[in-house]
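User: Could you take a close look at one part of this structure for me, the second largest cavity, and then walk outward to whatever surrounds it? I'd enjoy one connected answer.

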Amino acid sequence: MLAWKMKAEKQGYFTLEEWRRGLKSLRADNVNKLKKSLPELEKEVKRPSNFMDFYAYSFRYCLTEEKQKSVDIESVCELLDLVLGSQCRAQVDYFIEYLKVQTDYKVINMDQWMGFFRFCNEIFCWSKYYKHWDPTFWRDLYKDMELVGIVSPHDFLSYSVEVWIRVALKPLLLSLLLVLKNIL
């Protein structure tokens with residue numbers, strides 16, 4: 001979080017300018033003030049208006065080589081747990097489990113990283129209104145999609161949130177239409 005606040009470009013290093021910029025924005029001119037500012041920084045990061053930027057930054061921060069565009073699966077699993085685990089525990093745990101056993105992907109790129117965030121965000125928001133939310137829902141949804149040939153394990157990471165939601169809602173909408181048809 002401190003690196004995000006300082007807008008650090010290189011993992012493990014802070015330039016003098018980055019350090020000054022970060023401490024100035026935290027209003028910290030000594031170690032005690034810096035320590036006291038960290039709980040507020042955590043609140044700032046968790047604000048919806050900042051979190052997506054922080055989430056994207058955390059991926060970019062792991063790109064340690066000059067032209068690197070992806071992060072290895074093991075690092076992604078740790079990063080997901082650190083960055084998103086407290087907000088979407090069920091989705092993160094299942095996705096990490098999936099990433100560890102699948103064999104099609106060795107790395108994750110930024111589009112896949114952001115796609116998972118959008119998916120969690122949409123499912124989490126949707127699940128607040130769904131009375132009987134089950135954390136295994138999206139795992140079961142994936143299995144159902146695979147059974148009907150909509151998605152294969154190889155395609156899992158490339159589907160957008162919109163596709164997942166559309167497929168998840170399609171049976172519900174069809175049922176609703178049949179009920180309405182019978183009523184009318």
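Analyst: Happy to. The second largest cavity is lined by Y55, V76, L80, F95, L99, I108, Q112, W113 and F116. Please keep in mind that this is a predicted model. The space in this cavity comes to about 30 Å³, and a search of the whole structure finds two cavities of 30 Å³ or more.

Three helices each supply at least two residues of this lining: α5 (73–83), α6 (89–101) and α7 (110–127). The biggest contribution is that of α7, which gives three residues. By residue class, the lining divides into eight nonpolar, one polar and no charged.

Two of the lining residues, Y55 and W113, lead straight to the aromatic side chains. These two belong to one aromatic cluster together with W4, F51, F54, F59 and F117. Across the structure there are 11 aromatic pairs. One of them joins F14 and W19 in a tilted arrangement, with 5.9 Å centre to centre and 45° between the planes. F14 counts as partly exposed because its relative accessibility is 36%, and W19 is likewise partly exposed, at 33%. Another tilted pair is made by F51 and F117, whose ring centres are 5.8 Å apart with 35° between the planes. That pair links distant parts of the chain, since F51 sits in helix α4 (residues 48–61) and F117 in helix α7, 66 residues apart. F51 has a relative accessible area of 4%, so it is buried; F117, with 9%, is buried too.

The cluster also offers a way to an open space. F54, one of the cluster members, is among the residues nearest the centre of the second largest pocket, along with M1, S58, L82 and V83. The lining of this pocket has 18 residues in total, and the pocket has a volume of about 290 Å³. Helices α1, α3, α4 and α5 each supply at least two residues of the pocket lining, and the largest share, five residues, comes from α4. Sorted by class, the pocket lining holds 12 nonpolar, four polar and two charged residues.

W4, another member of the cluster, brings us to E44. Leaving aside neighbours within four places in sequence, E44 is in contact with W4, K5 and N50. E44 itself lies in helix α3 (residues 31–46). A glutamate might catch your eye here: E44 has a relative accessible area of 18%, and it counts as buried because that is under the 20% cut-off.

From there we can move to helix α1 (residues 2–6), where M6 is found. M6 has a relative accessible area of 0%, so it is buried. Not counting residues up to four places away in sequence, M6 touches F14, E18, W19, R21, G22 and L23. That list includes both rings of the F14 and W19 pair described above. M6 and E17 are 11 residues apart in sequence, and their C-alpha atoms are 8.7 Å apart in space.

The residue after that helix end is worth a look for its backbone. K7 has a positive phi of about 55° although it is not a glycine, and it is found in the loop between α1 and α2 (16–26). With a relative accessible area of 53%, K7 is exposed because that is over the 50% cut-off. R27 gives a second case: it too is not a glycine, and its phi is positive at about 55°. R27 is placed in the loop between α2 and α3, and its relative accessibility of 72% means that it counts as exposed.

Finally, a word on the cysteines. C62 is buried, with a relative accessible area of 17%, and C77 counts as buried at 5%. A disulfide is a covalent bond between the sulfur atoms of two cysteines. A search of the whole structure finds zero disulfides.

To come back to your cavity: its lining is drawn from α5, α6 and α7, among other parts, and through Y55 and W113 you reach the aromatic cluster that also contains W4, F51, F54, F59 and F117.

How values were computed. Residues numbered from 1 in each chain as written. Predicted model: local features only at pLDDT ≥ 70, side-chain atom pairs only at ≥ 80, totals over all residues. Heavy atoms only, no water. Helix = DSSP H or I, 4+ residues; strand = E, 2+ residues; numbered from the N terminus. Buried < 20%, exposed > 50% of the residue type's maximum accessible area, 1.4 Å probe, protein only. Contact = heavy atoms within 4.5 Å. Disulfide = S-S within 2.5 Å. 1 Å grid on protein atoms, 1.4 Å probe; cavity = no way out; pocket = protein on both sides within 12 Å on 5 of 7 lines; lining within 4 Å. Points joined across faces, edges and corners; volume = space filled by probe spheres on them. Nonpolar A, V, L, I, M, F, W, Y, C, P; charged D, E, K, R; others polar. Phe/Tyr/Trp six-rings, centres within 6.5 Å; stacked < 30°, edge-to-face > 60°.
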